[in-house]
Structure formats: C-alpha cells, structure tokens
Amino acid sequence: MTTTVDNEPVDDRPPEKQSWWREHSELGICVLLLATGVLVLTDALSIPTDFTQRGPVGPKAVPVLVGSALVLVAALLAVNVLRGGRGEAEAGEDIDLDAPTDWRTVLMLAGAFLLNAALIDTVGFPISSALMFWGAAFALGSRNHVRDPLIAAAVSVITWLAFNELLGVPLPGGPLMGVL
C-alpha cells in the first residue's frame, strides 16, 4: 500500500486472478438452457401427428417453439457472457439476504405437492388440488380456516372444469365425477 499526497491509502496490489470458469460462471446456466431446449426439441419432434384430425397446427407447434426459444436464449446469453456481460447481484428489495432458509415452510409446501401427487388418482383432481392449495396457503402463513378451504375448493373446481370442459384435457374427477 502506498499513500497519496492527502495521506489517503491507495491499494496498489494487483487484483486477485480468478479462474476463467469462475469469471464466466453464467455459462453453466447457458448449458442448462441448451440441454433443456435440446431435450424439448427432441421430444417434440418425436410426437406423432395426424393433421387430418387436428388441423394445420399440430401438437408439435408449441413444444418446438419453446425448445427453439430455449436454444436461442442459451446462445444469446452465452454470447453476452463471453463478451463480458455479468449478471447483476440480487439486491433483495425487502428481504434479508442473510436470513437463513425457512425449512419448515419449504417442507410444508413440498408436502402439499407430494400429497396432491399421491391422491390425484384416488380422490380426483378437484379434491387433491383443493388440499394442495389449502396446504400451500397454510404453509405460506394464511390462517383463515373458513375462507382458505373455500377458496381452495373453488379454484380447484374451476381449474378442473376449465381443463375438462373448455380445453378437452381430461383430468381425474374422482368421486365428484358424477356431481360436476
């Protein structure tokens, strides 16, 4: 260290040299995006199509579009990183970045999703999803024991009806099949 005329210290040591991979760590995201895009494209191109029944836009259209977009974003991000672009560190608007992870909430949310996956074939989509939505609301801090299950039931039934009736995607109805 040296000092200036004003007797302020100046750090004249050479900066520490980081490895090339550490300086370009964002390339890992590029590889992940590229791999996901290639996976989506290969799966999409293997989808059988019968245009006489489905019209001009078949089931390959959206997956091919999404896979192509993933590959394009991976390439553009890689070019940006190699030209010196750096991701901005998270500032955390109103979060304490030094606070530990709330594992209780994470485990409760995971439990709600796993319960949904375990029950969907047995009790049907509306009931299993209502339990998942209610469990997620509880895990995230809502403690209204009257409103929360009613909203969860309404959202799950509306979602089931939208998929089943409007989109033609059959979801298991379970014991509510004859009622809804």
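# Exercises on a predicted helical chain

In this predicted model, helices α5 and α6 pack with their axes 8 Å apart and at an angle of about 175 degrees. The exercises below start from this pair.

**Exercise 1.** Determine how α5 and α6 are oriented to each other, and list the residues that make the contact.

*Solution.* Two packed helices are described by the angle between their axes and the distance between the axes. Here the angle is about 175 degrees. Angles over 145 degrees count as roughly antiparallel, and α5 and α6 are therefore roughly antiparallel to each other. On the α5 side, the contact is made by T105, M108, L109, A112, F113, L115, N116, L119, I120 and V123. On the α6 side, the contributors are F125, I127, S128, S129, L131, M132, G135, A136, F138 and A139.

**Exercise 2.** Compare the expected span of α5 with the distance between its end C-alpha atoms, then locate its kink and its buried residues.

*Solution.* Helix α5 covers residues 103-123, which is 21 residues. At 1.5 Å a residue, α5 should span 30 Å; the end C-alpha atoms are 29 Å apart, so the two values agree. The helix also has a kink of about 30 degrees, centred on A117. Its buried residues are T105, A112 and N116, and what covers them includes α6 (125-139). After α5 comes G124, with a positive phi near 95 degrees.

**Exercise 3.** Carry out the span check for α6, and state which of its residues are buried and what covers them.

*Solution.* With 15 residues at 1.5 Å a residue, α6 should span 21 Å; the distance between its end C-alpha atoms is 20 Å, and so the check agrees. In α6, the residues F125, P126, S128, S129, A130, M132, A136 and A139 are buried. The cover over these residues includes α5 and α7. G141 follows α6 and has a positive phi, near 110 degrees.

**Exercise 4.** Decide whether D148 and G87 are buried or exposed, and describe the surroundings of each.

*Solution.* D148 is placed in helix α7 (residues 147-166). Its relative accessibility is 8%, and because buried means under 20%, D148 counts as buried. Leaving aside residues up to four places away in sequence, D148 touches W134, S142 and R143. G87 lies in the loop between α4 (61-82) and α5. Its relative accessibility is 53%, and because exposed means over 50%, G87 counts as exposed. The C-alpha atoms of G87 and E26 are separated by 7.5 Å, although these residues are 61 residues apart along the chain.

**Exercise 5.** Set the transmembrane regions listed by UniProt against the modelled secondary structure.

*Solution.* In an unreviewed entry, UniProt lists residues 27-49, 61-82 and 150-171 under "transmembrane region". Residues 61-82 are 100% helix and 0% strand, with end C-alpha atoms 32 Å apart. Residues 150-171 are 77% helix and 0% strand, and their end C-alpha atoms lie 21 Å apart.

**Exercise 6.** Summarise the secondary structure, burial and contacts of the protein chain.

*Solution.* The chain has 7 helices and 2 strands, in the sequence pattern β-β-α-α-α-α-α-α-α. Of its 180 residues, 18% are buried. Among contacts with a separation of 6 or more, residues 24 or more positions apart account for 52%.

Note on methods: Residues are numbered from 1 along each chain as its sequence is written. This is a predicted model: local features need pLDDT of at least 70, side-chain atom pairs count only at pLDDT 80 or more; totals for chains, interfaces and linings use all residues. Side-chain values use heavy atoms; hydrogens and water are left out. UniProt positions are given in the numbering used here, feature names are shortened, and annotations may be inferred rather than shown by experiment. Helices (H or I, at least four residues) and strands (E, at least two) are DSSP runs, numbered from the N terminus. The expected span of a helix is 1.5 Å times one less than its number of residues. The bend at a residue is the angle between axes fitted to the seven residues ending there and the seven starting there. Buried means under 20% relative accessible area, exposed over 50%, partly exposed in between (1.4 Å probe, protein chains only). Contact means heavy atoms within 4.5 Å. Axes are lines fitted to C-alpha atoms, for helices over the stretch in contact, and angles run from 0 to 180 degrees between N-to-C directions. Angles under 35 degrees count as roughly parallel, over 145 as roughly antiparallel, 65 to 115 as roughly perpendicular and the rest as oblique.
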